[in-house]
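Colleague: I would like a close look at a single part of this model, the place where aromatic rings meet one another, and at how that part sits among the surrounding elements. Please give the cut-offs behind each term as you go.

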Amino acid sequence: MSDAVVVPKVDKLMRLFLLGSALLIVPIALNYGLAPAKTLPMFLTMPELGTDQTHIYRGVMCLYLGVGLFWAVSAFRPEWQRVAMITVIGFAWSIAAGRLISLVVDGRPSLLLLIYLGIEIFAGLLGLAVLAAADRKLKR
C-alpha cells in the first residue's frame with residue numbers, strides 16, 4: 001500500500017468561484033484601507049476618521065487582501081481548494097452574522113452595507129453549492 005497523498009483533480013467550478021471571490025474582495029479591501037478618511041465618508045455615513053480608526057481600517061484592508069491572495073493561489077492548488085472554499089464560506093457568513101447582529105442592536109445601516117450583507121449571504125450559499133457539487137463529482 002502506498003503512502004502517497006491523493007490530490008483531487010482540479011475542480012474548474014471551485015477555481016472559478018475562488019478567483020471570483022478573490023477579485024471581488026480586492027476593491028472592497030482597498031475602499032476600506034487605501035485612503036479610508038477620503039473614501040469611506042463618500043459611501044457611508046460616518047464622521048471624520050482619526051488615526052485609530054484609520055489604523056483599524058488599514059488592518060482590515062490587509063486582512064481582506066491576505067485572504068483574497070490565499071483564495072487566488074488556492075484556485076491553482078487543487079490540494080488547497082477545499083480548505084479555501086470553506087474559508088470563503090466562513091469569511092462571508094461571519095461578516096454577515098456581525099451585520100445581522102448590528103441590524104438588530106444598532107438599526108439600519110447605509111444602503112451599501114445592506115448590499116454587502118446580501119452579497120455575503122449569497123456568497124456563502126453559492127460556496128456551499130459549489131462545494132457540494134465538487135463532493136458529488138468526487139464520489140462518482
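How many aromatic pairs does the structure hold?

Modeller: The structure holds 5 aromatic pairs, where rings of Phe, Tyr and Trp (for Trp the six-membered ring) pair if their centres lie within 6.5 Å, with planes under 30 degrees apart called stacked, over 60 edge-to-face and the rest tilted. This is a predicted model, in which local features need pLDDT of at least 70 and side-chain atom pairs count only at pLDDT 80 or more, whereas totals for chains, interfaces and linings use all residues. Residues are numbered from 1 along each chain as its sequence is written, and side-chain values use heavy atoms, with hydrogens and water left out.

Ring pairs join Y32, Y57, Y64, W71 and F91 into a cluster. One of the pairs is that of W71 with F91, whose ring centres are 5.4 Å apart and whose planes stand at 85°, so this pair is edge-to-face. The two partners come from distant parts of the chain, since W71 belongs to helix 3 and F91 to helix 4 (residues 78-106), with their positions 20 residues apart in the numbering. The helices named here are DSSP runs of H or I with at least four residues, and strands are E runs of at least two, numbered from the N terminus. W71 has a relative accessibility of 3% and therefore counts as buried, a word used for under 20% relative accessible area, with exposed meaning over 50% and partly exposed the range in between (1.4 Å probe, protein chains only). F91 has a relative accessible area of 19%, which means that it is buried as well.

To place the cluster, it helps to follow the packing of the helices. The axes of helix 1 (residues 12-33) and helix 3 (residues 51-74) come within 8 Å and cross at roughly 165°, where axes are lines fitted to C-alpha atoms over the stretch in contact and angles run from 0 to 180 degrees between N-to-C directions. That angle makes helix 1 roughly antiparallel to helix 3, a label for angles over 145 degrees, while those under 35 are roughly parallel, 65 to 115 roughly perpendicular and the rest oblique. The contact (heavy atoms within 4.5 Å) draws on helix 1 through L18, L19, S21, A22, I25, V26, I28, A29, L30, Y32 and G33, and on helix 3 through residues including Y57, Y64 and W71. Y32, Y57, Y64 and W71, members of the ring cluster, are thus also part of this helix 1 to helix 3 contact.

Helix 1 also packs against helix 5 (111-139), with the two axes 10 Å apart and at an angle of about 160°. Helix 1 and helix 5 are therefore roughly antiparallel to each other. Their contact is made by L13, M14, F17, L24, I28, N31 and Y32 on the side of helix 1, and by residues of helix 5 among which are Y116, I119, A123 and L126. Y32, a member of the cluster, takes part in this contact too. The helix that carries F91 has a partner of its own, for the axes of helix 4 and helix 5 come within 8 Å and cross at roughly 150°. As a result, helix 4 is roughly antiparallel to helix 5.

Turning to helix 5 itself, L128 lies in that helix and, at 38% relative accessibility, is counted as partly exposed. Neighbours within four places in sequence aside, L128 is in contact with I89 and W93. The C-alpha atom of L128 is separated by 29 Å from that of G33, which lies 95 residues away along the chain.

The loops offer a contrasting pair of residues. S110, in the loop between helix 4 and helix 5, has a relative accessible area of 17% and is buried, whereas T45, in the loop between helix 2 (36-43) and helix 3, is exposed at 77%. S110 nonetheless touches T45, together with F43 and L44, when residues up to four places away in sequence are not counted. From T45 to P27 the C-alpha distance is 19 Å, over 18 residues of sequence.

For the overall frame, the protein has 5 helices and 0 strands, and its C-alpha trace spans about 65 × 30 × 20 Å along the principal axes. Of its 140 residues, 32% are buried, and among contacts with a separation of 6 or more, 72% join residues 24 or more positions apart.
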